[in-house]
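Colleague: Please take one part of this model and look at it closely, starting from a single loop and following its contacts outwards. I am new to this, so please explain each term when you first use it.

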Amino acid sequence: MSSTPARGRRTRVHVVSDVHGNARDLARAGDGADALVCLGDLVLFLDYADHSRGIFPDLFGTENADRLVALRTARRFKEAGELGARLWAGIEGDRATVIEQAVRRQYAELFAAFPTPTYATYGNVDMPALWKEYAGSGTTVLDGERVEIGGWTFGFVGGGLRTPMRTPYEISDEEYAAKIEAVGEVDVLCTHIPPEVPELVYDTVARRFERGSRALLDAIRRTRPRYALFGHVHQPLVKRMRIGATECVNVGHFAGTGEPWALEW
């Protein structure tokens, strides 16, 4: 793969988000493309489609994963937190250390699967402090930053906004808006979370509205990028819609389908 195609040749970029442990398909996600773009959520803590997969069921079993998913889906977050506290009380060792060790095992496999070149940003379940240890020379990590690919400017903003779920990389609305502002005008605006539009933030399986960004929506309307690409919502009510001049596309289906979304120009 090369991010600088020959003169006169079209550029093709493959985009993935919400990888959630799918290293097998990630290893071939860049096939036929000049570059791979990854919009985060590499870690698989709990698979809502298969409760036997992820860090949580590995530690506490599938039955407890079933209970946790049922509580979260019902938005009974306090009870979900109490269940988690009871389960963690029975685990030897510090909670943060146990989780970090599990995440490191996943990151070692996932970052090794990235093709060259890959441009990546963090998802809300990721642990940014660890990325520099696993990102090889072919992987460029960006957050509140821009890069040129095939003559187009791509801007990247990672992470999610604060929620009762308290996932590892949730930040304040103000910090998120500052990163959006730092990116400025781009051809392709790449974020982990969607803009705050009801049809784009509602998950039809989890049956809840996820958090989208109003600052992102305002930036799309103001700066008019060609594309706004994002993930986070795994089963959105609407996967694609136009906001003014911008084509907004949810690419957060990679864990389940193993197929990247292709952008060519």
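Modeller: Asp 41 is found in the loop between strand β2 (35-38) and helix α2 (55-60), where helices (H or I, at least four residues) and strands (E, at least two) are DSSP runs numbered from the N terminus. The model is a predicted one, in which local features need pLDDT of at least 70 and side-chain atom pairs count only at pLDDT 80 or more, while totals for chains, interfaces and linings use all residues. Residues are numbered from 1 along each chain as its sequence is written, and side-chain values use heavy atoms, with hydrogens and water left out.

The backbone of Asp 41 has a positive phi, near 55°, in a residue other than glycine. Because its relative accessibility is 3%, Asp 41 counts as buried; buried means under 20% relative accessible area, exposed means over 50%, and partly exposed is in between, with a 1.4 Å probe and protein chains only.

The loop meets the side chain of Asp 126, since a polar atom of that side chain lies 2.7 Å from the backbone nitrogen of Asp 41, and the backbone nitrogen of Leu 42 lies 3.1 Å from a polar atom of the Asp 126 side chain. Both are polar contacts, that is, pairs of N or O atoms within 3.5 Å; within protein, one atom must be able to donate a hydrogen and the other to accept it, and residues adjacent in sequence count only if both atoms are side-chain atoms.

Asp 126 itself sits in the loop between β3 (118-120) and α6 (128-134). Asp 126 is buried yet has no salt bridge, and the nearest side chain of opposite charge, that of Lys 179, is 11 Å away. Here Lys and Arg count as positive and Asp and Glu as negative, while His and the chain ends are not counted, and a salt bridge is a side-chain nitrogen of Lys or Arg within 4 Å of a carboxyl oxygen of Asp or Glu. Leaving aside neighbours within four places in sequence, Asp 126 is in contact with a set of residues including Gly 40, Val 43, Tyr 107, Trp 131 and Tyr 169, contact meaning heavy atoms within 4.5 Å.

On the other side of β3, the loop between α5 (95-113) and β3 holds Pro 117, and the peptide bond from Thr 116 to Pro 117 is cis, with omega near -5°.

Asp 126 can be set beside charged residues that do pair. A search of the whole structure finds 19 salt bridges, and one of them joins Arg 28 to Glu 259 (3.8 Å, N to O). Arg 28 lies in the loop between α1 (23-26) and β2, and Glu 259 in the loop between α10 (254-257) and β15, so this pair ties together parts that are 231 residues apart in sequence. Arg 28 counts as partly exposed, at 38% relative accessibility, and Glu 259 as partly exposed too, at 42%.

Glu 133 forms a salt bridge with Arg 104, and their closest N and O atoms are 2.8 Å apart. Glu 133 is in helix α6 and Arg 104 in helix α5, so parts 29 residues apart in sequence are tied together. Glu 133, with a relative accessible area of 49%, is partly exposed, and Arg 104 is partly exposed at 22%. Returning to Arg 28, salt bridges that share partners join Arg 24, Asp 25, Arg 28 and Glu 259 into one network.

A final pair reaches across the chain: Glu 264 forms a salt bridge with Arg 12, with the closest N and O atoms 3.2 Å apart. Glu 264 is in strand β15 (residues 261-264) and Arg 12 in strand β1 (residues 12-16), so that 252 residues separate them. At 38% relative accessibility Glu 264 counts as partly exposed, and Arg 12 is also partly exposed, at 29%.

To return to backbone angles, Asp 41 with its positive phi may be set beside Arg 75, which has a positive phi of about 60° although it is not a glycine. Arg 75 lies in the loop between α3 (62-73) and α4 (77-89). Asp 41 is buried at 3% relative accessibility, whereas Arg 75 is partly exposed, with a relative accessible area of 47%.
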